[in-house]
Structures are given as C-alpha cells and as structure tokens.
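I kept a short notebook while going through this one. Here are my entries, in the order I looked things up.

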Amino acid sequence: MLLIKSGYVIDPRSGDEGVKDILVDGGKIVRMEEGIGEDTLRESIKGNLQVIDAAGKTVAPGLVDVHVHFRDPGFTHKEDIRSGAKAAARGGFTTVVLMANTKPPVDTVETLEYVLGKGAETGIHVESCGNITVGMKGQELTDMEALAKAGAAGFTDDGIPLLGEDVVKAAMTEAARLGVPLSFHEENPAFIQNNGINAGKASAYYGIGGSDRQAEITMVDRDLTLAEETGADISIQHISTKEAVELVRQAKKKNPHIHAEATPHHFTLTEEAVIAHGTLAKMNPPLREEADRLAIIEGLRDGTIDMIATDHAPHAAGEKEKPLTEAPSGIIGLETALSLGVRELVDKGYLTMCGLLRLMAWQPACFYRLDAGYLAVDGPADIVIFDRNRTWIAGNYRSKSCNSPFTGMELPAAVCYTVCGGRIIYSREQRAK
C-alpha cells in the first residue's frame with residue numbers, strides 16, 4: 001500500500017480540490033479523504049506501507065501527453081520507448097500516446113504490437129496511434145479497423161500533412177464509423193520554402209525563405225469543413241497561428257467533434273527564439289509572432305484549444321549541429337512541460353492550476369478514450385506530486401536527447417514524485433542521491 005499524506009489534491013475532472021490523504025492499493029485509489037491515520041493503517045494491514053509526505057505540495061492525476069515521438073522502431077539513437085518513458089515519468093506524465101512516423105511506420109498490426117509490447121515493459125502507460133495512410137504516403141488508407149482492434153488509440157500521419165482531400169474525407173468517414181479519433185499535422189508545403197522557420201522576422205534574419213502562416217491556415221480550414229461533413233472526432237495538432245485558432249473557435253460553435261492542441265513552446269516562445277537559439281528552436285510548425293502566441297494562450301483560456309501536448313521530438317546532438325536549413329525540426333518537451341505551463345499560464349493569471357491540469361490530463365485522456373487524467377476512489381493510481389514553489393534548472397535530461405531551448409533555465413514546479421499503477425516510478429529525492 002501507498003499513503004500520500006496531506007497534499008493539496010486537485011481533480012480536474014470534478015473540479016474538487018483541497019488538502020486530503022490518498023490511499024493506494026493494487027493500482028487503484030481506495031480512499032481519498034482528510035485524516036487517514038497512518039498508525040491505524042499500519043496496525044490493520046498486512047504487508048508494507050509506503051508513506052509520502054506531500055504537505056505543501058500539489059497532488060494531481062498523472063499527466064497525459066497525446067503527442068510524443070519515441071523514435072522506436074527505426075531511430076533509436078535519438079530516443080527509444082524505454083528512455084522516452086523515463087523522460088515522461090520525470091516530467092510527471094503517466095500516460096503517453098506515440099505518433100506513428102517511425103521506420104517502419106505503424107501502418108500494420110505487426111508494428112503496432114511491437115510498439116505496444118515494448119511500452120508494456122516500461123513503468124508508464126504507453127499508447128500508440130496507427131497511421132492513416134499506408135507508408136505515410138497519403139494515398140491508400142491503412143486497415144484502420146484491424147489496427148483499432150489491435151489497440152491503436154487513434155490515427156495520424158503526424159510529420160507529413162495529408163494533401164489529398166479525398167483521402168482525408170475517406171479517413172474521417174472510416175474513423176467516424178469506428179468511433180476513433182484522428183489528429184492532423186496541418187502544413188501545406190506549397191507555402192513553405194524552408195520548414196521550421198517562420199516566414200517573417202526569423203527567415204529574414206537568416207536570409208532564407210521560411211514557412212508562411214498560410215501553410216497552416218489553408219489546411220485547417222479544409223479539415224474543419226470535412227470534419228463537419230463526416231462527423232469525425234478530429235484534433236488540429238500543435239496549432240501555431242492566430243488565424244487557425246479563430247477558425248477552430250468558430251468551428252467548435254457548430255461541431256462538438258472539433259479539438260485542438262497547443263505545445264508549451266508555442267505558448268511560451270516566438271520566432272525571436274530562433275534568432276537566439278538557432279536550430280534548438282527550429283520546429284514544425286515554426287514559432288511565430290507574439291500575436292500568435294497570445295492568441296494560443298487565449299485559445300487555451302477560453303476552451304478553443306482543449307489539450308496541451310508536448311510534441312516531444314528528440315534528435316541527436318550532431319543532427320541539431322547541422323546548418324539551420326539542414327537540421328531536423330523539433331525539441332524535447334516531456335520534462336519541461338508542466339513547469340512551463342505553471343510559469344506561463346498559471347503564474348501569469350491565464351489559468352487556474354485546475355484549469356491547467358484539465359488541459360494536461362483530463363481532456364487529452366477524454367479525446368483518446370483513456371481511463372486516465374482524474375483522481376477518484378476506484379480510479380487509477382496514476383499520480384504526480386509537484387512543488388509549485390520549488391525551482392529547478394532544466395537539463396540533465398532522462399531523454400536520450402537534449403535538444404531544447406529551455407536548457408539551463410530556472411523553472412518552477414519541480415516534480416517530486418510520479419506514481420503509476422500505484423508504484424513510485426520517479427522520485428526527485430532518489431535521483432538526487
């Protein structure tokens with residue numbers, strides 16, 4: 001048994017919060033109330049009782065990240081499922097949904113079973129999407145029904161936009177029939193000269209062409225229209241422009257099946273970071289202007305954007321040391337996401353802590369139909385304990401990679417413990433020893 005004592009407990013599903021104790025047994029929460037007596041418990045139970053003193057700390061459901069890249073199979077020099085899971089645990093995440101742009105891609109049941117099998121060997125819940133199209137070529141749909149039956153949490157060709165409208169509509173029609181969600185990477189290459197860099201101040205600074213905002217806007221507009229026609233549950237991934245935020249806002253007024261996600265880097269940084277950090281701030285879609293960053297924050301505040309996801313994208317150091325136009329896009333994010341959410345959204349008054357946790361746990365779990373993201377008796381014992389007032393220096397990552405513009409920054413809300421299935425899978429105190 002595990003007893004978490006005297007923490008400030010927040011459940012984003014119900015909105016309930018207050019100082020409580022949580023008793024865990026057999027991977028489930030069995031009691032959640034004030035004043036569970038430790039001495040009485042020790043006398044009544046058989047076996048060991050672990051106790052965590054959470055006084056002064058926040059106790060929340062384990063975070064749920066529905067957009068991560070663990071690079072396995074095919075690119076395990078960047079990350080693998082085991083190292084990615086360790087990074088997740090350090091960041092307070094107990095559930096992740098992997099993207100399917102691996103090598104081979106997750107377009108067959110065999111590859112999906114490999115990924116899920118390796119994920120089951122980690123200390124966290126590892127889910128995976130399947131691909132929408134065979135080979136991520138944007139032409140032929142995968143056997144979505146077989147992949148869903150084999151455990152695919154949803155479907156995406158993330159990393160490559162789907163350009164064919166007929167293919168997108170067919171995928172949405174099939175997804176609606178199966179009752180599974182779709183996620184879309186919205187970047188039209190017709191508007192891009194060099195991806196990962198905003199066409200604006202950043203591209204001008206480096207004297208190159210960049211990624212125009214219309215690359216996102218046009219595809220978001222198309223897919224919102226198709227979603228209304230088909231009734232599919234869709235998410236607009238890593239939204240980056242104020243125009244796309246407004247398109248989603250208006251679409252959600254008519255269609256409850258529309259969802260969107262924002263990354264910590266898009267609500268924290270602008271294209272100025274690319275000028276300061278070079279390839280470490282290169283990502284798809286790119287960091288854009290201050291007006292876009294503020295629009296994303298307003299979208300998170302008013303519910304237009306209902307999920308925060310990291311798009312954790314590890315790359316080896318040598319790859320990011322290449323020239324800007326040659327280096328791959330993406331940054332790691334699992335270990336800094338909670339801190340950035342607290343610093344940028346809670347501490348600055350845009351969201352309550354419960355509101356942030358709703359975006360980082362409960363609502364992502366709902367989109368992918370996962371039993372996660374909440375705290376309740378008989379619910380899963382997936383829990384993060386963090387100290388909002390304790391700072392830490394970003395770095396010394398558990399990920400295999402360290403490609404982040406946040407490295408070296410002092411951040412708030414240090415994760416103290418991560419518990420998954422009733423087991424302590426990360427402890428800051430043990431790591432410090």
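**Entry 1: the hairpins.** Which residue of strand 2 does Leu3 stand opposite? I found Leu23 there. A reminder to myself: this is a predicted model. Leu3 took me to the pairing of strand 1 (residues 2-10) with strand 2 (residues 17-25), where I noted 7 bridges and an antiparallel run. The hairpin of these two strands has 6 residues between them, and Gly15 there takes a positive phi near 85 degrees.

I then followed strand 2 onward. It is joined to strand 3 (residues 28-33) by 5 bridges, again antiparallel, and Ile22 has Met32 as its bridge partner. This hairpin has 2 residues between the strands, with Gly26 at a positive phi near 60 degrees.

**Entry 2: the open sheet.** Next I looked up the sheet of 5 strands and wrote down its order, 9-10-11-12-13, with parallel pairing. Strand 9 (155-156) and strand 13 (307-308) stand at the edges; each has a single partner strand, so one side of each lacks a neighbour in the sheet. Inside that order I checked strand 11 (residues 234-236) against strand 12 (residues 258-262) and found 3 bridges. Ile236 has Ala260 as its bridge partner in strand 12.

**Entry 3: helix 2.** Is helix 2 (residues 81-90) mostly covered or mostly uncovered? Mostly covered: 8 of its 10 residues are buried, among them Ile81, Gly84 and Arg90. At the helix start, a side-chain oxygen of Asp80 comes within 3.0 Å of the backbone nitrogen of Arg82. Just after the helix, I noted Gly92 with a positive phi of about 90 degrees.

**Entry 4: salt bridges.** How many salt bridges does a search of the whole structure find? The search gave me 27, and I picked three to look at.

- Lys169 pairs with Glu229, the closest N and O atoms being 3.3 Å apart. The pair links helix 5 (residues 165-178) to helix 7 (residues 214-230), across 60 residues of chain. Lys169 is partly exposed, at 37% relative accessibility.
- Glu246 pairs with Arg249 at 2.6 Å between the closest N and O atoms. Both lie in helix 8 (residues 242-254), 3 residues apart, about one turn of the helix. Glu246 is partly exposed at 33%, whereas Arg249 is buried at 17%.
- Glu344 pairs with Arg293, with 3.8 Å between the closest N and O atoms. Here helix 13 (residues 337-346) is linked to helix 11 (residues 290-302), the two residues being 51 apart. Glu344 and Arg293 are both buried. Through shared partners, salt bridges join Glu290, Arg293, Arg343, Glu344 and Lys348 into one network.

Key:
Residues numbered from 1 in each chain as written. Predicted model: local features only at pLDDT ≥ 70, side-chain atom pairs only at ≥ 80, totals over all residues. Heavy atoms only, no water. Pairing = 2+ DSSP bridges. Helix = DSSP H or I, 4+ residues; strand = E, 2+ residues; numbered from the N terminus. Buried < 20%, exposed > 50% of the residue type's maximum accessible area, 1.4 Å probe, protein only. Polar contact = N/O pair within 3.5 Å; in protein donor to acceptor, adjacent residues only side chain to side chain. Salt bridge = Lys/Arg side-chain N within 4 Å of Asp/Glu carboxyl O.
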